[in-house]
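Here is a quick walk through one model, with a stop at the backbone, the sheet and a pair of rings. Have the structure open while you read.

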Amino acid sequence: MKNLPIVLIVEDDKAIVHLLTTILDANDYRVVQVNTGREALSTISSHCPDVVLLDLGLPDIDGLDIIKNVRQWSQVPIIVLSARNRERDKVEALDLGADDYVTKPFGTAELLARIRIALRHVSTGAPDTPTGKAQNGRLTIDYDKRRVYLDDHEIHLTQVEYKIVMLTMLHIGKVLTYDFIIRCVWGARPTVNNQILRVNMANIRRKLEENPADPQFIITETGVGYRMIDHAEENI
């Protein structure tokens with residue numbers, strides 16, 4: 001018997017649960033389903049799922065509170081599936097520790113890709129101080145030498161630009177909020193704001209992209225932050 005990845009669905013809408021279960025069963029995932037926040041917290045502890053698909057609008061506990069609770073004791077990947085499409089909700093969920101945010105209605109291919117990315121991150125793990133090299137399509141980072149290459153040609157980045165590219169590569173496929181990037185790159189410095197980050201990102205795109213207006217590496221999640229496209233998905 002195959003050791004199938006366990007996906008916990010936390011959702012109280014029966015139609016969506018049926019749809020998700022059908023999709024996941026057909027793609028070799030083992031499904032566990034609960035419809036309340038209390039059941040979710042208990043099941044995450046007892047079943048140790050590989051990925052959690054979490055609706056925010058549950059009948060007993062708000063999904064944001066579940067994320068906050070779980071992140072105190074577990075790093076299980078959490079992908080939010082929600083009809084809430086306000087930027088504020090997305091930012092709060094991601095800042096609390098959600099790995100991804102997919103707005104309903106969602107496409108099957110997109111959801112499966114997000115799940116694969118989450119599972120791949122768990123299996124590889126990202127060290128606090130990365131070493132060696134990481135490649136994403138035409139882009140390569142040499143962590144030891146702190147250098148970035150595009151098609152084997154070195155791209156000359158400033159120290160801040162390198163830190164931004166490195167951070168997005170370490171969290172490839174995951175949305176990083178503006179505040180998260182600022183904290184990681186500049187630390188707790190109130191003089192740094194989103195505009196300074198946008199200026200640095202514009203400089204990075206001019207150096208990395210053939211067409212900075214249509215980026216192929218680091219894309220903007222409007223009002224939320226940035227995401228490094230995972231080009232490994234192109235080969236799946």
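Where is the place of Pro105? Look in the loop between strand S5 (100–103) and helix H5 (108–124). Keep in mind that this is a predicted model.

## Backbone oddities

That loop is worth a look for its peptide geometry. Lys104 and Pro105 are joined by a cis peptide bond, with omega at about -5°.

Two other spots have a positive phi without being glycine. One is Cys48, where phi is near 50°; Cys48 belongs to the loop between helix H2 (37–47) and strand S3 (51–54). Is Cys48 buried or exposed? Cys48 is exposed, because its relative accessible area is 54% and the cut-off for exposed is over 50%.

The other is Asp152, with phi near 70°. Asp152 sits in the loop between strand S8 (147–150) and strand S9 (153–155), and Asp152 is exposed too, at a relative accessible area of 73%.

## The five-stranded sheet

Now for the sheet. Five strands make up an open sheet with parallel pairing, and their order is S2-S1-S3-S4-S5. Strand S2 (30–34) and S5 are the edge strands, each pairing on one side only. On average, and ignoring direction, neighbouring strands here are turned by 20° against each other.

Zoom in on strand S1 (residues 6–10): S1 and S3 pair in the parallel sense, and four bridges connect them. For a concrete example, take Leu8, whose bridge partner in S3 is Val52.

## Helices on the sheet

Which strands does helix H1 (residues 14–26) lie across? The answer is S1, S2, S3 and strand S4 (78–82), and helix H1 runs at about 170° to S1.

Helix H4 (residues 87–96) also packs on the sheet, where helix H4 touches S4 and S5. The direction of helix H4 makes about 150° with that of S5.

## A tyrosine pair and an arginine

How many aromatic pairs does the structure hold? Just one. Tyr178 and Tyr226 form this pair, an edge-to-face arrangement with 5.6 Å centre to centre and 80° between the planes. The pair ties together distant parts of the chain: Tyr178 is in helix H7 (residues 178–186) and Tyr226 in strand S12 (residues 225–228), 48 residues apart.

Tyr178 and Tyr226 are both buried. Tyr178 has a further partner: the charged end of Arg198 sits over the Tyr178 ring, 5.3 Å from the ring centre.

Note on methods
Residues are numbered from 1 along each chain as its sequence is written. This is a predicted model: local features need pLDDT of at least 70, side-chain atom pairs count only at pLDDT 80 or more; totals for chains, interfaces and linings use all residues. Side-chain values use heavy atoms; hydrogens and water are left out. Buried means under 20% relative accessible area, exposed over 50%, partly exposed in between (1.4 Å probe, protein chains only). Rings of Phe, Tyr and Trp (its six-membered ring) pair if their centres lie within 6.5 Å; planes under 30 degrees apart count as stacked, over 60 as edge-to-face and the rest as tilted. A charge sits over a ring if NZ of Lys or CZ of Arg is within 6 Å of the ring centre and within 35 degrees of the ring normal. Two strands pair if DSSP finds at least two bridges between them. Axes are lines fitted to C-alpha atoms, for helices over the stretch in contact, and angles run from 0 to 180 degrees between N-to-C directions. Contact means heavy atoms within 4.5 Å.
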